[in-house]
Each structure stands twice: as structure tokens, then as C-alpha cells.
Amino acid sequence: TKFEEDHKKIFPICEGKVVTGCGCADTLKLAANGLLNGCLDFLPKTKEYSIIYVVSKKGDILEVEKYRTNKRSWLTGYYSWEIIYDRLTLKDGWITAGSGRDYAAGALKQGATPEEAINVASMLDEFTNNVVQKVEL
């Protein structure tokens with residue numbers, strides 16, 4: 001549906017690698033298009049806090065490049081990206097992100113399916129919708 005397409009937040013960029021994130025959907029789409037071409041070559045254009053994850057799987061390890069808007073720059077009106085590299089061991093088979101992440105993670109730890117966990121998060125967090133998107137790496 002149009003709503004689902006407008007709120008899409010998982011973008012494959014090559015075999016075994018996806019871009020996902022939380023915050024401004026338009027910023028995430030721009031980032032996915034840029035990273036599809038090999039670089040994150042734009043500055044955030046909004047004060048809205050956004051996080052972009054570039055996720056790839058290597059064996060039982062998820063490698064995550066995490067880009068987030070630099071909060072300190074909001075005061076000056078100049079926005080930039082801050083990058084953090086993480087390596088996460090794939091124990092549970094999922095990563096949660098966004099404002100409803102703690103609700104979703106709690107539901108998953110109690111045995112909920114990812115779809116049920118997203119539904120729980122959408123009921124408890126006003127900024128989380130219940131559109132389910134999945135990708136397997």
C-alpha cells in the first residue's frame with residue numbers, strides 16, 4: 001500500500017547487506033540511495049533525530065555501521081553525521097531500533113514473534129507504526 005511504501009525502512013543495497021534505521025523516512029531513503037552508489041554523500045537536512053544502520057552478516061556476526069545525526073549541531077543549525085561501528089553477535093536473530101525498540105525487545109524476549117513484537121511496540125509507543133518489514137541476511 002501507499003502507507004507501507006511511504007514508511008519503508010529496510011533497503012537492500014547488495015547481496016547480504018541492507019540499510020535500515022529510524023527517524024525521518026525521507027532521510028533514510030536518501031541514505032539508502034547514496035549508499036547503493038557507495039557513499040553517504042549528503043548532510044542531514046532536518047533537525048529530526050535519525051539513525052541509519054548498514055547491516056551485513058558474516059557467519060554468526062552482524063556487522064553494523066551506525067550513522068546518526070549529530071545532536072550538538074542542532075544548536076548551530078549545521079547538521080552532520082556521527083558514525084559508530086559495532087559488531088553484534090547474532091544470538092537471537094533480531095535487532096530492534098527506533099523509539100519502540102525496548103517494547104519490541106521485551107516482547108521478543110517473552111517469546112513473541114517479530115510481527116507480534118512490532119504490534120506491541122505500536123500500541124505502547126505513539127511514534128511506532130505496525131507496518132512489518134522483514135529481511136533475511
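This briefing walks through the fold, the strands, two helices and the largest pocket of the structure above. The model is a predicted one, and the protein chain in it has 137 residues, of which 35% count as buried. Four helices and five strands make up its secondary structure. The largest pocket has a volume of about 1,500 Å³, and both strands and helices contribute to its lining.

**Overall fold**

- Reading from the N terminus, you will meet the elements in the order α-β-β-α-β-β-β-α-α.
- Take the contacts between residues at least 6 apart in sequence: 44% of them join residues at least 24 apart.
- One pair to look at is valine 18 and valine 135, which are 117 residues apart in sequence but 8.3 Å apart in space, C-alpha to C-alpha.

**Strands β2, β3 and β4**

- Strand β3 pairs with β2 in the antiparallel sense over six bridges, and β3 also pairs with β4, again in the antiparallel sense, over eight bridges.
- If you want a landmark for the pairing of β2 with β3, find threonine 20, which stands opposite tyrosine 53 in β3.
- For the pairing of β3 with β4, lysine 58 has isoleucine 61 in β4 as its bridge partner, and lysine 57 has leucine 62 in β4.
- Two residues lie between β3 and β4, which form a hairpin. In the turn, glycine 59 has a positive phi of about 70°.
- Six of the eight residues of β3 are buried, leaving this strand mostly covered.

**Two residues to look at in the strands**

- Valine 18 is part of strand β2, and it counts as buried because its relative accessibility is 5%, below the 20% cut-off.
- Beyond residues up to four places away in sequence, valine 18 touches Ile10, Phe11, Pro12 and Ile13, then Tyr53, Val54 and Val55 and, further along the chain, Val135 and Leu137.
- Serine 56 sits in strand β3. Its relative accessible area is 10%, so serine 56 is buried, since the limit for that is 20%.
- Once neighbours within four places in sequence are set aside, the contacts of serine 56 are Gly16, Lys17, Ile61, Leu62, Glu63 and Leu137.
- Leu137 therefore turns up in both contact lists, that of valine 18 and that of serine 56, under a cut-off of 4.5 Å between heavy atoms.

**Helices α3 and α4**

- In α3, the buried residues are Ala104, Ala105, Ala107 and Leu108. They lie on the same side of α3 because they cover an arc of only 160° around the axis.
- Asp102 and Lys109 are exposed on the other side of α3.
- Helix α4 is part of what covers the buried residues of α3.
- The buried residues in α4 include Ala117, Ala121 and Ser122. Their arc around the axis is only 135°, so they share the same side of α4.
- The packing can be read from α4 as well, as the buried residues of α4 pack against α3.
- After α3 comes glycine 111, with a positive phi near 100°.

**The largest pocket**

- How many residues line the largest pocket, and which lie nearest its centre? There are 44 in the lining, and Ile10, Thr20, Ile95, Thr96 and Ala97 lie nearest the centre.
- At least two lining residues come from each of β2 (17-22), β3 (51-58), β4 (61-69), α3 (101-109) and α4 (114-124).
- By residue type, the lining divides into 23 nonpolar, 13 polar and eight charged residues.
- Two names from the pocket centre have come up above: Thr20 and Ile10 lie among the residues nearest the centre, threonine 20 is the residue opposite tyrosine 53, and Ile10 is touched by valine 18.

How values were computed
Residues are numbered from 1 along each chain as its sequence is written. This is a predicted model: local features need pLDDT of at least 70, side-chain atom pairs count only at pLDDT 80 or more; totals for chains, interfaces and linings use all residues. Side-chain values use heavy atoms; hydrogens and water are left out. On a 1 Å grid over the protein atoms alone, a cavity is a set of points where a 1.4 Å probe fits but cannot get out, and a pocket is an open set with protein on both sides within 12 Å along at least five of seven lines; lining residues have an atom within 4 Å of a point. Grid points are joined across faces, edges and corners, and a volume is the space filled by probe spheres set on the points. Ala, Val, Leu, Ile, Met, Phe, Trp, Tyr, Cys and Pro count as nonpolar, Asp, Glu, Lys and Arg as charged, and the others, Gly among them, as polar. Two strands pair if DSSP finds at least two bridges between them. Buried means under 20% relative accessible area, exposed over 50%, partly exposed in between (1.4 Å probe, protein chains only). The arc is that of the directions from the helix axis to the C-beta atoms.
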